Amino acid sequence: MDLLYLVVPCYNEQEVLPETARQLLEKISILVQKKKISPKSRILFVDDGSSDSTWEIIAQLHHENPVYQGVSLSRNEGHQNALLAGLMTAKRFCDMAISLDADLQDDIDAIDQMLEKYHDGCDVVYGVRDNRDTDSFFKKATAQGYYKTLKHLGAELVYNHADYRLMSRRALEALEQYPESNLFLRGIVPMIGYHSDVVYYARKERFAGTSKYPLKKMFSFAWEGVTSLSIKPISMITKLGLIIFLVSIGMLVYSVIRHWMGATITGWTSLAVSIWAIGGLQLFAIGIIGQYIGKVYLESKHRPKYFIAHYLSDERIDHTKTQSGSKRQD
C-alpha cells in the first residue's frame, strides 16, 4: 500500500487546528481501514512562524499521537514557502502527498477520489472548486477575471484551483528542480507535465478563525503569479509605446496640415494633457520593468526559501541533504 502524507500549512490557526486534526485523523483512519493507504501514512502540519499557540498545539498533537508530525519554520516565510517546506519534507518518506489548507474549506472527502485518480496512473490530481457560491460578488468577479487574465498572458493555470492537490513522489522530485525564489506553486506544478486529472468539490465556509488573506495580500499574491509566470506585460508595454508613437506621428501630420490651412490655434490644453499622459505611461512602464528587475535581483542571490527550526516526527531524516537550511529534530 502507498504511503500518504497530508501537508497542512498553518499560520495563526489555533482556533481551527484541533478540529482540523480530528477530521484529518478520522479520514486517515478510514482510508487505512479500507486498505487504500499505508498504516504509516502521516499528517504533517507546517507552522509558518505563527504568533499564537499554533506550534504548541501541533507539539501536543504529536505527543498524543505520532501520526501527527510537525515542521516549524524559523520565521514567517509566506504560504507558498511553508507549503513547499512541507512537501519537500514529506517527499523523503511518502509515495504521494496531498496539500490542503488548515481552515477546513477544502472538502477532505475529495481525497478518496484523488487516490483513485492516483492509482489510475495520475502523478498530479488537482482539487477544483465546482462553484463560487460562497464568495462575495467582488471576490468572484476578481477571481474569474484573474484566471482569464493569466490564461491570456500564456500561463498554464487550472481554473478555480488553489493549492488543494495530490502529487506523487515523482512529481515532488520534479518540483524540487524549480529553484526560483518567487514561488507561485499553482502555476509551477502544471509545468511539470506529468499525467494529471482533476477532482471537483464544493468549497465550504471557514470552520473557525479569520482569513489570512486580506484584500491587500490577495492582490500581492495575484501580481506575484503574473510576474512569475509571464513576461507579456513587458511586451504589452512595447506594443503600447509603438501605438502611442504612431499616434504622435499622425498628430504631427495633422498639425502641419492645419498650419498650411492657416487654422493654427494655441493648443496648450492638449499639449498639457499629452505631457501628463505620456509621463504617467512612462512611469507605469518603468514600474513594471522595475518589478521584473527586482525579481531578477532576488533570484540572483540564491537565498534559501526557509529554515526549519523544529521538526516533530517518528521518522529520521538526513540533515545533510536539505537545500533549505539547517534542521534540528526535536
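In this predicted model, the charged end of Arg170 is placed over the ring of Tyr194, at 3.9 Å from the centre of that ring.

Contacts between ring and ring were also examined, and a search of the whole structure returns three aromatic pairs. In one of them, Tyr5 and Phe93, the ring centres lie 6.1 Å apart and the planes meet at 25 degrees, so the pair is classed as stacked, an angle under 30 degrees being required for that term. This pair connects distant parts of the chain, since Tyr5 belongs to strand E1 (residues 4-10), whereas Phe93 is found in the loop between helix H3 (79-91) and strand E4 (96-99), 88 residues apart. Tyr5 is buried, with a relative accessible area of 0%, and Phe93 is likewise buried, with a value of 15%.

A stacked aromatic pair is also formed by Phe45 and Tyr68, with 6.1 Å from centre to centre and 25 degrees between the planes. Because Phe45 lies in strand E2 and Tyr68 in strand E3, this pair ties together parts of the chain that are 23 residues apart in sequence. Phe45 counts as buried at 0% relative accessibility, and Tyr68 is buried with a relative accessible area of 5%.

The surroundings of strand E3 (residues 68-73) were then considered. Six of its six residues are buried, so the strand is largely enclosed by the rest of the structure. This cover extends to both faces of E3, with Tyr68, Gly70 and Ser72 buried on one side and Gln69, Val71 and Leu73 buried on the other. Strand E2 (residues 42-47) runs parallel to E3 and is joined to it by five bridges, and Leu44 stands opposite Gln69 of E3. Together with helix H2 (residues 54-64), strands E2 and E3 make up a right-handed β-α-β unit. Strand E3 is also joined to strand E8 (residues 308-312), in this case by four bridges and in an antiparallel arrangement, with Leu312 of E8 as the bridge partner of Gly70.

With regard to the protein chain as a whole, ten helices and eight strands are present, and buried residues make up 45% of its 330 residues. Among the contacts with a separation of 6 or more, 81% are accounted for by residues 24 or more positions apart. The chain exposes about 17,600 Å², of which carbon and sulfur atoms supply 59%.

Definitions and conventions
Residues are numbered from 1 along each chain as its sequence is written. This is a predicted model: local features need pLDDT of at least 70, side-chain atom pairs count only at pLDDT 80 or more; totals for chains, interfaces and linings use all residues. Side-chain values use heavy atoms; hydrogens and water are left out. Buried means under 20% relative accessible area, exposed over 50%, partly exposed in between (1.4 Å probe, protein chains only). Helices (H or I, at least four residues) and strands (E, at least two) are DSSP runs, numbered from the N terminus. Two strands pair if DSSP finds at least two bridges between them. A crossover is right-handed if, with the strands pointing away from the viewer, the path from the first strand over the helix to the second runs clockwise. Contact means heavy atoms within 4.5 Å. Accessible areas come from the Shrake-Rupley method with a 1.4 Å probe; for residues, only the protein chains shown count as cover. Rings of Phe, Tyr and Trp (its six-membered ring) pair if their centres lie within 6.5 Å; planes under 30 degrees apart count as stacked, over 60 as edge-to-face and the rest as tilted. A charge sits over a ring if NZ of Lys or CZ of Arg is within 6 Å of the ring centre and within 35 degrees of the ring normal.
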